[in-house]
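Work through these exercises with the model open beside you. Try each task before you read its solution.

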Amino acid sequence: MKAALALAAAAPRTDDVPVGAIVINKDGVVIGRGCNEREAKNDPTAHAEIVAIRNATERLQKSRLDGCTIIVTLEPCAMCAGAIAQSRISHLIFGAWDEKAGAVGSVWDVLRDPRSIFKVEVSSGVLEAECAALLKDFFANK
């Protein structure tokens with residue numbers, strides 16, 4: 001989580017919300033990194049999770065990330081939760097809860113819905129205070 005926090009904190013100062021994500025393989029090696037780039041790239045899909053998943057799949061040259069873990073500073077939205085499931089990531093770890101758009105327990109629970117075709121292990125609240133503080137500082141300055 002500290003690596004994801006460092007990505008979020010070091011992201012270029014744009015209007016992008018400071019969220020960082022990393023993908024690690026089963027051996028704990030970082031294979032993908034990302035931070036929010038929506039505003040910087042004018043791309044509504046450029047959330048940190050999507051950027052990190054794209055980075056990992058490009059590196060591995062395959063679309064499935066079986067056995068991998070994604071670590072993200074903010075609870076994923078519905079789009080990102082869907083991408084996590086579609087990429088077959090096995091484990092999600094996130095820090096701060098997103099009470100407005102979270103889709104892994106706050107507003108919806110896409111990944112643990114009994115109707116989901118792919119199950120993802122979820123760990124939440126990891127370094128929650130640090131992750132939330134970065135977001136609070138960002139929005140306080142808006």
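The exercises below go from the sheet to its helices, then to single residues and the core.

The model is predicted: local features need pLDDT of at least 70, side-chain atom pairs count only at pLDDT 80 or more, and totals for chains, interfaces and linings use all residues. Residues are numbered from 1 along each chain as its sequence is written, and side-chain values use heavy atoms, without hydrogens and water.

**Exercise 1. Trace the open sheet and find its edge strands.**

Step 1. Set the terms. Helices (H or I, at least four residues) and strands (E, at least two) are DSSP runs, numbered from the N terminus. Two strands pair if DSSP finds at least two bridges between them.

Step 2. Read the order. The five strands run β2-β1-β3-β4-β5, and the pairing is mixed.

Step 3. Find the edges. β2 (30-35) and β5 (121-123) each pair on one side only.

Step 4. Look at one pair. β3 (residues 69-74) and β4 (residues 91-96) are parallel and joined by five bridges. Here V72 stands opposite F94 in β4.

**Exercise 2. Place helices α3 and α5 against the strands.**

Step 1. Fix the angle. Axes are lines fitted to C-alpha atoms, for helices over the stretch in contact (heavy atoms within 4.5 Å). Angles run from 0 to 180 degrees between N-to-C directions.

Step 2. Take α3 (residues 48-60). This helix lies across β1 (20-24), β2 and β3, at about 150 degrees to β2.

Step 3. Take α5 (residues 128-140). This helix packs on the sheet and touches β3 and β4, making about 60 degrees with the direction of β4.

**Exercise 3. Is I93 buried or exposed?**

Step 1. Locate the residue. I93 lies in strand β4.

Step 2. Apply the cut-offs: buried is under 20% relative accessible area, exposed over 50%, partly exposed in between (1.4 Å probe, protein chains only). I93 has 17%, so this residue is buried.

Step 3. List contacts. Beyond four places in sequence, I93 touches residues including M1, I71, V72 and V126.

**Exercise 4. Which residues touch the most other members of the largest nonpolar core?**

Step 1. Define the core: buried Ala, Val, Leu, Ile, Met, Phe, Trp, Tyr and Cys residues joined through side-chain atoms within 4.5 Å.

Step 2. Pick them out. Of 42 residues, V23, L65, I84, L92 and L111 touch the most other members. The elements giving two or more residues are α1 (2-10), β1, α3, β3, α4 (78-86), β4 and α5.

Step 3. Inspect L111. Beyond four places in sequence, its contacts include I84, L92, F118 and V122.
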